[in-house]
Amino acid sequence: MGEMIVEDRLTALREAIDEVDTELLKLLNKRMELACEVGRFKAEKGVPLFHPGREELIFERLTKANPGPIAAESLRAIYREIFAASRLLQYVLQVAYLGPEWTYSHLAALSLYGHSARYIPCSTLEDVFEAVLKGKVHVAVIPIENSLQGGVGRSMDLLYESEMRVVGECYLEIAHNLCSTSSSIADLKHLYAHPQAIEQCRRWILGNLRHVEIYESTSTAQAAQMAKKDPIGAAICNLYAAHHYGLNILADRIEDQAGNTTRFLALSSQLNPPTGSDKTSLLFAVSDQPGALHAALEAFSDAHVNMTRIESRPNRLFPWQYLFYADIEGHVEDENVHKALDELRTKVTFLKVLGSYPKRDPKLPIRFEKEKLRQSDRQG
Ligand SMILES: O=C(O)C(=O)C[C@]1(C(=O)O)C=C[C@H](O)C=C1
C-alpha cells in the first residue's frame, strides 16, 4: 500500500472515531442530566443519595448484555468512572479508609468508587468505623482477610461490636516492592515495614536484607513515609506509595508467594437490593454442647446454600466462647437464604446478619499496575 493510501485510510478511520466520540459525549451528558434529576428528586423526597446496589445492578445488566469486543474489566472501569462523575454532580461521595494515603486500603477504595469520590484517611480501624457510624462519610472500606494469613482480627471484632452493613467487597492483589531514596540495596541499614508485609516477604528479606535492622510500621504507606526521611532506609510498600512518596523501586514483587490477595469490605448504613449474584456475611454463636455447630451448619446444607467462608474468633465479651464468621452465596431476600437463616435462628445462641452485597470473583483480583500510575497522577 502506498504512503498516501495508508494516510487516507487512517484519516477516514480517525474521522469515524471522532464522530463516535461526539455521539458518546452527547449521550454521556444526557446520562449526567438524568442523574442530576434523580439527585434533585431524591433530595426533595429525603431519599438517601448513596445507593450502592443500583450501580451493581447496572454493571450486572451491561456485563450480561455486552457483545464485545470490549472486555468486561474495561467496561467495569469505564462505568466506575461514569458513576463517579454522575455522583459528583449529585453530591461528593465520602469514603473512609485506613490511611495514610496510598495504603492498600486506599487502592481498594479507589477500585470500588473511582477517582471523583473524596477519600478520607483514618489512623485506626476504630476511626474508620466511627466515621460511618457518625455519618461523617457515606461508606468505609476495611481489610477483612488475606489469602495467606486469614482473617483481620480487629476488623472482625469491630463488625461484631458495631451496627454496620456490609454493602460491597473487592479483592486486591498485594504486590510488595522494596522502595527507597537510596539506589543500592547494599547501602541500606534500615527496613520499615508493616508486620504483615514482613511476614509475606520473609524469605526474600532473609535472602537479601540480612544486613538491615527492621522497624515495624503501622501501615505500608507509613513505612514509605519513614523511608522517605531516611537516606539509608527502605520500605516495603506498593508502587503507588513509592511513586507518591518519591521513592525508587529497588526490587519489585518481593512477596514470597504469588497470588497474595486481600479481600476488603465496604461498609455503610444502607441495605442493598438483590442483583442475582450476591453474597451474605453473617456471624453467629452456638451453645457449648456436642453437635451444636454441626446442627447450625445443617441450616445451610438443608436449604442448598453454599458457604464460601467460615472462620472462628474468640468472643471478647465472653472468654472461651467463640463467634463464627460466615459468608454464604445469595442475598437475604433470596428464598433459599431466607429459609436457611430462619432455620439457623432456631439453632444458634446469637445471630447477626451483616449484609448482602454483589459477589466478586477472588480469582480476578484488582491489580494496580505500573501503567495505571500515570492515571493516578492526573487524577489523584
Ligand atoms: O439511580 C440512582 O439512584 C442514581 O442516583 C443514578 C446513578 C447513575 O448514574 O446511574 C447515579 C450514581 C450512582 O450511585 C448510581 C446511579
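1. In this predicted model, the C-alpha centres of domain 1 and domain 2 lie 28 Å apart. Their contact draws 15 residues from domain 1 and 16 residues from domain 2.

2. Two elements each give two or more residues to the side of domain 1 that touches domain 2: helix H4 (104–113) and helix H13 (370–379). H13 gives the most, with three residues.

3. The class make-up of that side is mixed. Where domain 1 touches domain 2, its residues comprise eight nonpolar, five polar and two charged.

4. On the domain bounds: domain 1 is assembled from 24–171, 260–271 and 364–380. Domain 2 covers 177–258, and domain 3 covers 278–358.

5. Next, a helix pair. Helix H11 (residues 292–302) packs with helix H12 (residues 335–345) at an angle of about 160°, and their axes are 8 Å apart. Angles over 145 degrees count as roughly antiparallel, so H11 is roughly antiparallel to H12. The crossing of the two helices, H11 and H12, is right-handed.

6. Which residues make the contact of H11 and H12? From H11 come Ala 296, Ala 299, Phe 300 and Asp 302. From H12 come Ala 340, Glu 343 and Leu 344. By class, the contact of H11 with H12 holds five nonpolar and two charged residues, with no polar ones.

Notes: Residues are numbered from 1 along each chain as its sequence is written. This is a predicted model: local features need pLDDT of at least 70, side-chain atom pairs count only at pLDDT 80 or more; totals for chains, interfaces and linings use all residues. Domain bounds come from an automatic or database domain assignment. Two residues are in contact if their C-beta atoms, placed from the backbone, lie within 7 Å. Helices (H or I, at least four residues) and strands (E, at least two) are DSSP runs, numbered from the N terminus. Ala, Val, Leu, Ile, Met, Phe, Trp, Tyr, Cys and Pro count as nonpolar, Asp, Glu, Lys and Arg as charged, and the others, Gly among them, as polar. Axes are lines fitted to C-alpha atoms, for helices over the stretch in contact, and angles run from 0 to 180 degrees between N-to-C directions. Angles under 35 degrees count as roughly parallel, over 145 as roughly antiparallel, 65 to 115 as roughly perpendicular and the rest as oblique. A crossing is left-handed if the near helix is turned anticlockwise from the far one by less than a right angle, and right-handed if clockwise.
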